[in-house]
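Trainee: I've got the model open and a cup of coffee. Can we walk through it together?

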There are 2 protein chains.
Amino acid sequence: MGKRSGWGEWCCFPCQLMASGGGQRQIVMGKCSRRGSRRGSGRGGAKVAGMENRQVGQSPALDQDLSFDLRTELPEAQAEQPGKHGRTGVIHTPHGDIQTPAFIPVATKATVKTLTPEQIRQTGAQAILSNAYHLYLQPGQDVVDEAGGVAKFENWHGPTYTDSGGFQVMSLGVGFKKVLAMDTKGWDEKDIRARHKDRYAHVDEDGVDFRSVIDGSRHRFTPEVSMQIQHGLGADIMFAFDELTTLVDTRAYQESSVARTHRWARRCLIEHDRLTRERSHRPRQSLWGVVQGAQYEDLRRQATRGLLDLHQEALDEGRRGFGGFGVGGALEKENLGTIVGWVCDELPREMPRHLLGISEPDDLFTAIEAGADTFDCVAPTRLARRGGVYTLDGRLNLKNARFKRDFSGVDEEFGGYVSENYSRAYLHHLLKAKEFLAGTLCTMHNVEFMVRLVDNIRASIDNGTYAEFKAEFLGRYYT
Amino acid sequence: MGKRSGWGEWCCFPCQLMASGGGQRQIVMGKCSRRGSRRGSGRGGAKVAGMENRQVGQSPALDQDLSFDLRTELPEAQAEQPGKHGRTGVIHTPHGDIQTPAFIPVATKATVKTLTPEQIRQTGAQAILSNAYHLYLQPGQDVVDEAGGVAKFENWHGPTYTDSGGFQVMSLGVGFKKVLAMDTKGWDEKDIRARHKDRYAHVDEDGVDFRSVIDGSRHRFTPEVSMQIQHGLGADIMFAFDELTTLVDTRAYQESSVARTHRWARRCLIEHDRLTRERSHRPRQSLWGVVQGAQYEDLRRQATRGLLDLHQEALDEGRRGFGGFGVGGALEKENLGTIVGWVCDELPREMPRHLLGISEPDDLFTAIEAGADTFDCVAPTRLARRGGVYTLDGRLNLKNARFKRDFSGVDEEFGGYVSENYSRAYLHHLLKAKEFLAGTLCTMHNVEFMVRLVDNIRASIDNGTYAEFKAEFLGRYYT
């Protein structure tokens, strides 16, 4: 407690380099000889929407498109080796830059649960992600639109994402487990999919009928509706409306679903283009395609190439293309890197990629190595409200009686606002007393932990010390 | 929203004067010709503990006693007119000064519910009050003591109060309504006092047996135990252990109770003196006597004089006396000013007075006029968590559907962090979505409202514009 030294002094490799002039503040350009070329599917000629009129290194104005600058690629990155595409860069949005890789906290209902925007900023978070499904149901995207968009509504002065609602429509509707990186061992169909009579979501070619989790009322999402909602919400980055399948769906269903998600993506692009013209007074939004395809390499690659074709088609027709891509769907933890690797292997290097949902610190390394630039995750916030906190030596649950008289900070070596100002004993007391502040403080700690971990990974990639940093962090965290 | 003008521009009388050099920053000394004399019971010779070795205007060191400097008295203050003793001043504590009158937010379990210490500070609050009863049960005063006292435990860098636990032992035990300023119209005995078999508190000459609200376990508080707990908690200001009676107790019971509270107060002084010597390494704490006596003028005056006798007796015997006084007990709202006035009429002007529990903005004016220097109140925080917010035009409940599309701040004229940064529509959404942040933001607003109201009252007394300010505020708030 009160110790000012943070993690900077601990993670000797990248931080010593940072201290000596390297690191995240100094942009190490051109480290990778492949920079500027296009890799993967051979679509080297694909133009990236909105890149043309922008000066490198500047944030676009509110009426300009999002863009991405690649900075450093992991030296071991090789096209022949799927799952090794880690890189650093900057996403320029109309509301500010995002240094990538970046951890994006989830603000489901236009609030990172328990935190004020100042507290979110204090964790180091650069952007936050809200859910179209939840904000459509309450307060309604029309209210958020009238407020000037989700960022203004929640008083967040920075970039924002919204997801398409597809995930929630399906997962809350069907009722299966809501984590993406899931382990199917020992699962039964009934654990995942509720009986037909309890299903709240029905998919047809045009869209999805579902019932509200709030009041059971009936609603219908189509690709067009999702775009209209997300334009109302007005986030810098939004996602195409996709169908989420489960790991136990048949191969035949996955194929037909990927094909439908492809057709929906085209409709999203068309509606996004129309809305952008119609709402030219609003800050420019960027639509990202979402790659599905479950655990099948051919489906994932085919889906990715399909989205790139749609992107090119849009540009050829004078419409807006995708600004980036998301990797969605049910991913088993053990296959996370492989699947993201297949997708990133197909994607142009010049476009940013978001991984929709991860869970644990080791997933961050896997996702980054596989080529993801940003990722959202409810784990740090959800865990925090139950008293679970990350430390450099692994996870603790502060509700445990052994913390009653532990007057040290949560993790004094890691440092940060919470560890420097409050004892484990105080947090234990707040948790036992069911005080609101317990959630706030544990959330601040966990989000700062994840954000700073990714900051360190970014610095280590830029400084060429990624492998050492990873070995040191994981070796300590998981022992 | 976004408007920077705060209430300062609204409350034209005191603030124009403040802007022209008067006001709370400039100490207007000697306005009252009676300053320095002693009024009331004729005990003009009573020395005030710890006043001797202190330079006026300086905060005492950690090993020095609390003291009080009177600054301005309301011009109409007359000894002959009970209920007109309003004044401004400064309480100097080892952890900082409190400009009086001051609103003291309640931090029952060592947290002002939903707020970080930085957020509490941002409301303008100068000191916070915790409850000995709650902290004794959880986490235990030994844990708080080991942490370095309640302020360090909760990371609050300022003065702290603890109450004696007497109120909670009785109110939570007996189960009657927990507000002090209560209206007994239409009450029945059974509304107030639970059946004997349900009573969790039993009073005898030595102390009180009670059961925990947490787990029903049996405990016993005596004056000595309360002092030991409060020394463990280590607040700057603490209160003598008293018996709280109800408005429906018989006159005979009130008499015997006041007599018992008097005997308990002596035991508190003796134990406090012993503990202070024993714990000389700890910052000096100040014990304040508590005046009971229900709605009876003779009992209230007798109780007050009794405490002053005990104070003098302690000084004569070389022990520590009281540092101030609290007014406790069940007070009907309509008699609040009268009762506090009787007590303050008896008390020496040089000593600070705390009113234990009030509820509404108009009570603040009543309490201050009657001579109270500080007051605590759970209403602003409790109300806030349910969506109730104060405005200059009265109270609103932001859960009301009419706020769904109200994009103005809570009270833009009042201003402050919440009104300047969030819309009523956003707070309405958070409340409907049952988001934690709703409680945080509404609490910040309400506490800031009460703190700033008292700040303005203080400025108006110093500037001689109290009557105008009161008429303007109440005329608007209650119409």
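**Walking through the model**

Mentor: Sure, and keep in mind that this is a predicted model. Let's begin with the outside: chain A has an accessible surface of about 17,000 Å², and carbon and sulfur atoms hold 49% of that.

Trainee: What share of the residues in chain A is buried?

Mentor: Buried here means under 20% relative accessible area. Chain A has 479 residues, and its secondary structure comes to 17 helices and 16 strands. Of those residues, the buried share is 63%.

Trainee: And of the contacts in chain A with a separation of 6 or more, what percentage joins residues 24 or more positions apart?

Mentor: We leave out pairs with a separation below 6 and look at what remains. Among those contacts, the part from residues 24 or more positions apart is 72%.

Trainee: Which residues have the most contacts inside the largest nonpolar core?

Mentor: In soluble globular proteins, nonpolar side chains tend to be buried together. The largest such core here has 211 residues. To get a feel for one of its members, look at B:Leu355, which touches B:Val327, B:Leu331 and B:Phe375, among others. The residues with the most contacts inside the core are A:Leu355, A:Phe375, B:Leu355 and B:Phe375.

Trainee: Now the helices. At what angle do the axes of helix 12 and helix 16 of chain B cross?

Mentor: Two packed helices are described by the angle between their axes and the distance between the axes. For helix 12 (residues 361-370) and helix 16 (residues 436-463) of chain B, the axes come within 11 Å. The crossing is right-handed, and its angle is roughly 35 degrees.

Trainee: How many nonpolar, polar and charged residues are in that contact of helix 12 with helix 16 of chain B?

Mentor: From helix 12 of chain B come B:Pro361, B:Leu364, B:Phe365 and B:Ile368, and they meet B:Met450, B:Leu453, B:Val454, B:Ile457 and B:Ile461 in helix 16. By class, that gives nine nonpolar, no polar and no charged residues.

Trainee: B:Ala459 is in helix 16 of chain B too. Is B:Ala459 buried or exposed, and why?

Mentor: First, a long-range partner: the C-alpha atoms of B:Ala459 and B:Pro101 are 9.7 Å apart, with their positions 358 residues apart along the chain. The relative accessibility of B:Ala459 is 0%, so the residue counts as buried.

Trainee: Over to chain A. How far is the C-alpha atom of A:Leu287 from that of A:Ala240?

Mentor: A:Leu287 is in strand 11 (residues 286-291) of chain A, and at 0% relative accessibility it counts as buried. Its contacts beyond four places in sequence include A:Met227, A:Phe239, A:Ala240 and A:Phe322. A:Leu287 and A:Ala240 are 47 residues apart along the chain, and their C-alpha atoms are separated by 6.6 Å.

Trainee: What is omega for the peptide bond from A:Gln138 to A:Pro139?

Mentor: Most residues other than glycine have a negative phi, and most peptide bonds are trans. A:Pro139 lies in the loop between helix 3 and helix 4 of chain A. In chain B, the bond from B:Gln138 to B:Pro139 is cis, with omega near 10 degrees. The bond from A:Gln138 to A:Pro139 is cis, and its omega is near 5 degrees.

Trainee: Last one: what is the phi of A:Thr114?

Mentor: A:Thr114 sits in the loop between strand 4 and helix 2 of chain A, and is buried, with a relative accessible area of 1%. A:Thr114 is not a glycine, yet its phi is positive, near 85 degrees.

Methods:
Residues are numbered from 1 along each chain as its sequence is written. Chains are lettered from A and ligands numbered from 1 in the order in which they are written. This is a predicted model: local features need pLDDT of at least 70, side-chain atom pairs count only at pLDDT 80 or more; totals for chains, interfaces and linings use all residues. Side-chain values use heavy atoms; hydrogens and water are left out. Axes are lines fitted to C-alpha atoms, for helices over the stretch in contact, and angles run from 0 to 180 degrees between N-to-C directions. Helices (H or I, at least four residues) and strands (E, at least two) are DSSP runs, numbered from the N terminus. A crossing is left-handed if the near helix is turned anticlockwise from the far one by less than a right angle, and right-handed if clockwise. Contact means heavy atoms within 4.5 Å. Ala, Val, Leu, Ile, Met, Phe, Trp, Tyr, Cys and Pro count as nonpolar, Asp, Glu, Lys and Arg as charged, and the others, Gly among them, as polar. Buried means under 20% relative accessible area, exposed over 50%, partly exposed in between (1.4 Å probe, protein chains only). Accessible areas come from the Shrake-Rupley method with a 1.4 Å probe; for residues, only the protein chains shown count as cover. A nonpolar core is a set of buried Ala, Val, Leu, Ile, Met, Phe, Trp, Tyr and Cys residues joined through side-chain atoms within 4.5 Å.
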